[in-house]
Structures are given as structure tokens and as C-alpha cells.
Amino acid sequence: MKPQEVTELDKIFNSLYCSLPYTKVHSFEDSMLYYNVPFGHAESMTKEINDKIKELGLPLIAKSNASNQIFKDSILIIPTDEKLVNA
């Protein structure tokens with residue numbers, strides 16, 4: 001089995017992950033998912049994550065699914081730059 005190549009997006013996700021106190025994260029090829037967000041904190045955590053993204057100047061955005069009853073305990077982080085998604 002070949003070792004997985006570290007992409008630019010992996011490095012960007014890692015810098016965000018290391019800057020935040022949250023540890024319940026799934027990392028996928030094109031996104032990151034913070035899960036088990038405490039009830040009632042999805043919107044405030046999403047704002048905090050977006051503030052950190054802006055502070056670090058990363059081409060990412062955090063989206064909360066708080067309005068959707070099924071997924072309101074998760075926050076999705078996706079790239080805003082098309083070049084990172086298709087790299």
C-alpha cells in the first residue's frame with residue numbers, strides 16, 4: 001500500500017486543527033467535520049472557527065447544520081478556493 005500524499009489542503013486543515021481546542025474531528029480528502037458539538041453551541045462554535053480561519057488567512061469556511069435537526073451536532077469545514085478542491 002502506497003503512503004498517502006500530503007496535499008496543500010491537508011496542510012491548511014492541519015493548521016486550523018492545531019489552532020483550535022476542539023478534538024472531535026473527522027478529516028476527509030476535501031473537508032473536515034467537527035462532530036459531537038455540545039447541544040446549543042453549534043452556532044457559536046461555527047463563528048469561533050470562522051473567526052480563527054479569518055485570523056489565519058485560510059481559504060476555508062465553516063458551516064453549521066444547526067437548522068437541520070439531524071445534523072445539528074456537526075460543523076463542516078470546506079475550502080473556498082476551487083484550486084484546492086481539484087488539486
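This briefing describes the fold, the central helix, the nonpolar core and the side-chain pairs of the structure above. The model is predicted. The protein comprises 3 helices and 4 strands, arranged along the sequence in the pattern α-β-β-α-β-β-α. Of its 87 residues, 29% count as buried. Among contacts between residues at least 6 apart in sequence, 47% join residues at least 24 apart.

**Helix α2: geometry and two sides**

- Helix α2 covers residues 42-56, and its 15 residues should span 21 Å at 1.5 Å a residue. The C-alpha atoms at its ends are 21 Å apart, which agrees with that expectation.
- The buried residues of α2 are Ala-42, Met-45, Thr-46, Ile-49, Lys-52 and Ile-53. Because these residues cover an arc of only 125° around the axis, they lie on the same side of α2.
- An α-helix has 3.6 residues a turn, so residues three or four places apart point the same way.
- The other side of α2 carries the exposed residues Glu-43, Lys-47, Lys-54 and Glu-55.
- The partners against which the buried residues of α2 pack are helix α1 (8-19) and the strands β2 (32-34), β3 (60-64) and β4 (75-79).
- Gly-57, just after α2, takes a positive phi of about 70°.

**Thr-46 on the buried side**

- Thr-46 lies in helix α2 and has a relative accessibility of 8%, so it counts as buried.
- With neighbours within four places in sequence left aside, the contacts of Thr-46 are Ala-62, Lys-63, Ser-64 and Ile-75.

**Nonpolar core**

- The largest nonpolar core has 20 residues, of which Leu-16, Tyr-34, Ile-49, Ile-53, Leu-60, Ile-75 and Ile-77 touch the most other members. Two or more residues are given to this core by each of the elements α1, β2, α2, β3 and β4.
- Which residues does Ile-49 contact, leaving aside its neighbours within four places in sequence? Ile-49 is in contact with Leu-16, Leu-20, Tyr-22, Tyr-34, Ala-62, Ile-75 and Ile-77.
- Ile-49 is among the buried residues of α2, and both tyrosines in its contact list, Tyr-22 and Tyr-34, recur in the next topic.

**Aromatic pair**

- The structure holds 1 aromatic pair. The ring centres of Tyr-22 and Tyr-34 are 6.1 Å apart and the ring planes stand at 85°, so the pair is edge-to-face.
- This pair links distant parts of the chain, with Tyr-22 in the loop between α1 and β1 (25-27) and Tyr-34 in strand β2, 12 residues apart.
- Planes over 60 degrees apart count as edge-to-face, and the 85° between Tyr-22 and Tyr-34 therefore places the pair in that class.
- Tyr-22 has a relative accessible area of 18% and is buried. Tyr-34 is also buried, at a relative accessible area of 1%. The cut-off for buried is under 20% relative accessible area.

**Salt bridges**

- The structure holds 2 salt bridges.
- One salt bridge joins Asp-51 and Lys-47, whose closest N and O atoms are 3.0 Å apart. Both residues lie in helix α2, 4 residues apart, about one turn of the helix.
- Asp-51 counts as partly exposed, at 40% relative accessibility, whereas Lys-47 is exposed, with a relative accessible area of 52%.
- Another salt bridge joins Glu-55 and Lys-52, with 3.3 Å between the closest N and O atoms. Glu-55 and Lys-52 are likewise both in helix α2, 3 residues apart, about one turn of the helix.
- Glu-55 is exposed at a relative accessible area of 59%, while its partner Lys-52 is among the buried residues of α2.

**Helix α3 and Glu-82**

- Glu-82 belongs to helix α3, which covers residues 82-85.
- Is Glu-82 buried or exposed? Its relative accessibility is 54%, so Glu-82 counts as exposed.
- The C-alpha atoms of Glu-82 and Pro-59 are separated by 9.7 Å, and the two residues are 23 residues apart along the chain.

Technical notes
Residues are numbered from 1 along each chain as its sequence is written. This is a predicted model: local features need pLDDT of at least 70, side-chain atom pairs count only at pLDDT 80 or more; totals for chains, interfaces and linings use all residues. Side-chain values use heavy atoms; hydrogens and water are left out. The expected span of a helix is 1.5 Å times one less than its number of residues. Buried means under 20% relative accessible area, exposed over 50%, partly exposed in between (1.4 Å probe, protein chains only). The arc is that of the directions from the helix axis to the C-beta atoms. Contact means heavy atoms within 4.5 Å. Rings of Phe, Tyr and Trp (its six-membered ring) pair if their centres lie within 6.5 Å; planes under 30 degrees apart count as stacked, over 60 as edge-to-face and the rest as tilted. A nonpolar core is a set of buried Ala, Val, Leu, Ile, Met, Phe, Trp, Tyr and Cys residues joined through side-chain atoms within 4.5 Å. A salt bridge is a side-chain nitrogen of Lys or Arg within 4 Å of a carboxyl oxygen of Asp or Glu.
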